[in-house]
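Work through the exercises below with the structure open beside you. Try each task before you read its solution.

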Amino acid sequence: MGLKRAFDEIYGASDGKAPRQGFETLAKWLNSTDLEDLRGRQGAAEAAFRQLGITFAVYGDDEAAERIIPFDIVPRLFTAREWSRLAVGLEQRVKALNAFVADIYGERAILKDGIIPEELVLANSQFCIPMNGFTPPHGLYTHICGIDLVRTGPDDFYILEDNARTPSGVSYMLENREAMLRLCPDLFENLPVQPVDCYPDSLRAMLASVAPHTAAADPTCVLLTPGRYNSAYYEHSFLADNAGIELVEAPDLIVDDDVVWMMTIQGRKRVDVIYRRIDDAFLDPLVFRPDSYLGVPGLMAAYLAGNVTIVNAPGTGIADDKAIYSYMPEIVRYYSGEEAKLPIVDTWRCREPEALKYVLAHLDELVVKLVDGSGGYGMLVGPTATKQQIEDFRKALMAEPHRYIAQPTLALSTVPTLVESGIAPRHVDFRPFVLSGSNGVTITPGGLTRVALAEGSLVVNSSQGGGTKDSLVLYDTGDEA
Amino acid sequence: MLSRVAASLYWLGRYMERAEFTARLVEATIRLDHMSARPAGTGAWASALAVVQGDSRFSATGQPITQKTVSQFLTLDPTNPGSIRSCIDAARDNGRAVRTALTREAWETVNSSWLSLSKRSKTWSLESTLALVESVTAQARGFEGALHRMLRSEAYWFIRLGMAVERGDNSARLVDVKYHLLLPEGEPVGGVIDRDQWTTILHTVSAVTAFRWLYKSGLTPSAVADLLILRPEMPRSLVASAEEVEKYLTALGRLTGLQGEADRIARRRHIDMGRLDIDQIIISGLHEFLTGYIANNAQLDLAIAKQFRFP
């Protein structure tokens, strides 16, 4: 593999010998719990997920129309100190993202000041023309962010992706915790873990806080889903249910005189806030894709008239675009006046000839990504790719260099994971969820830890065989160094 | 409540009820076919098809009527929209669409029925068919139990309403099948086969013991019809369904303020049935009465859809 030994979340660089400070309890639990016992608990958790129907669909895979994402019983842990550092960096990051989007659709100061090449923004397919010059209620765009982080050392966290459109996975944060509490009460007995079940309440409070000024004191918030055939439908229904908001599909909504209504058994009811889990392109067939059946005709007109809030705002894709990503340190500095507390991964922009030259010469050590790809598709992981894959990718890259960025292959941190052969380290990433309302920024102490289950693999995406773990954040009990 | 959600809950109730009814029908038909003194053979399976109006669809498959073919058709055949599998599929589909309106337990019972059926493609042996229908009826009981623990909100009453409307339809069809079920030539009315056929109907609705308890006179066609049509204390009788529908509509009216044509039809039906006795029904034609009930029930279904703005 050519990678140096990765940092382990429990054991650091000690090669499994001594747990890091604050991780003794978890290590002890792991060592003292019988392997078969762990397997039994993991099996029970997965059976429960199947029973509940916590499934996802893999597109183009008819055989396994409904699968569950593998769940790993060994959690990952953050000490209070680690978490508070992350939280500060995340808050800084989302504030910068929001300021950036507001600027791009407003004054465009950052472009005028030459911080980012203009064509990279204005000619970007993620630039949403109808949003140009429009300020949404409370000036907020990126209400819900799921920021992907990776770690390579005790203090080395990097932001991998910002996910400022409609990030998914928060239901796993909540359901994994439910499963852990039920199956491993012995672990929680000895660890002061902060709860995550406040997320739905925080979500509801955030949604209510961003209602248009015209809305009533108790605004009507809904979650707009593409429907039960969408891969994340379980999450949509779960969130609506737990946040106590209505789960609606496009046919449930109509727009009349620039006001959005939902069709109830008693007739029409006015809608103030729409948490949409539909991509921009499908939101409104009158403005975006005309062939969209998932969207609501007239929704954008109602939005632009200021009569409804859309969460997240259309056009936020410009902020989490992979082509923009490499400018994030400058963006954070530009809007906050501070250095970014959470760095990005070194990134070569293949659109720049010098960078392209370097990337082509080092394809076998780099990760190369499509700027408009997601879910682990259209991606080359140099160190694990075959010669043929590298050569095929080289052709694609040379044909359209502007569509690609490249990054070094990071030695992602590992967490002990239950596999066939026993407990073994597997690489992980981490997605915390950050809410921004007019009531401030709320970060739930937890998140989604994704784990690459194949030995040595760095691809954690569920569509590529990744699994999930619970992510525990400890209370500050004052006995940390 | 969203109109779409209300409609899905109503249909969730209807499909769960229909799945259970079909399971009971298969169970009773196996009994009729195998356990009576003189096996009724294909006649029993032909009548089972007639009850669920599956005869023309089945004959389109080109298969002969046997225990194997018809029980496969009624239980697991995905091409038969009335098969248990299709009903559970549809119930789950409606349930998924309204997950937020269901409790976790109610959803899990629907989902686990679906999961256990999705693992099976064929049910050739008699034992496996029996095991299948028994597990479906057990799961239906689980669903009812989970419903019972639900908050008495609109969601609850819409599911109940769907179940009661479906139950009335199913029971009427079940009694009516005796009209279609011809006795073999030379077989007397009131003879062994005739008795077996009526007993099977009682079995389908788990009413054998109830019948013995209520009718000391012994098994006569008019007594069975009386039990299944006019006895309010018999949970699957037509009058009990009519009473339930009326009650659930009233509950919904109280919660939503919505009352109208559906309530009128339901109330009228219930009152009318209270004035009838079984001899009268038989004299003026049992089949005509049952057909009328089924048509009235369909009208009620339309009125419900309109009253609650089903999409």
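**Exercise 1: a strand and its surroundings**

Task: Decide whether strand β15 (residues 404-408) of chain A is enclosed or open to the outside.

Solution. This is a predicted model. Start with the cut-off: a residue is buried if 20 or more other C-beta atoms lie within 10 Å of its own. Now apply it to the strand. Four of the five residues of β15(A) are buried. The strand is therefore largely enclosed by the rest of the structure.

**Exercise 2: the partners of β15(A)**

Task: Find which strands are bridged to β15(A), and give a residue pair for each.

Solution. Step one: take strand β12 (residues 348-349) of chain A. Two bridges join it to β15(A), and the two run antiparallel. Opposite W348(A) you find A406(A) of β15(A).

Step two: take strand β13 (residues 366-370) of chain A. Here five bridges lead to β15(A), again with an antiparallel run. L370(A) has Y404(A) of β15(A) as its bridge partner.

**Exercise 3: the whole sheet**

Task: Write down the strand order of the sheet that holds β15(A), then name the edge strands.

Solution. The order is β12-β15-β13-β14 in chain A. These four strands make an open sheet with antiparallel pairing. Next, look at the ends. β12 and β14 (379-381) of chain A each have a single partner strand, so one side of each has no neighbour in the sheet. Those two are the edges.

Now add a helix. Helix α15 (residues 387-399) of chain A lies across β13, β14 and β15 of chain A. Its direction makes an angle of about 135° with β14(A).

**Exercise 4: the chain as a whole**

Task: Judge how compact chain A is for its length.

Solution. First count the elements: chain A has 15 helices and 21 strands. Then compare two values. The radius of gyration is 23 Å, close to the 23 Å from the globule rule for 481 residues, so chain A is as compact as a globular protein of that length. The C-alpha trace spans about 65 × 55 × 50 Å along its principal axes. Of the 481 residues, 46% count as buried. Last, check the contacts between residues at least 6 apart in sequence: 69% of them join residues at least 24 apart.

**Exercise 5: where the chains meet**

Task: Describe the side of chain B that touches chain A.

Solution. Count first: 17 residues of chain B are in contact with 18 residues of chain A. Then locate them. The elements of chain B that give two or more residues to this side are α1 (3-35), α5 (84-97) and α6 (104-118). Finally, sort by class: the side has seven nonpolar, five polar and five charged residues.

How values were computed. Residues numbered from 1 in each chain as written. Chains lettered and ligands numbered in written order. Predicted model: local features only at pLDDT ≥ 70, side-chain atom pairs only at ≥ 80, totals over all residues. Contact = placed C-beta atoms within 7 Å. Nonpolar A, V, L, I, M, F, W, Y, C, P; charged D, E, K, R; others polar. Buried ≥ 20, exposed ≤ 12 C-beta atoms within 10 Å, placed from the backbone. Pairing = 2+ DSSP bridges. Axes fitted to C-alpha atoms, helices over the stretch in contact; angles between N-to-C directions. Rg over C-alpha atoms; globule rule 2.2 N^0.38 Å.
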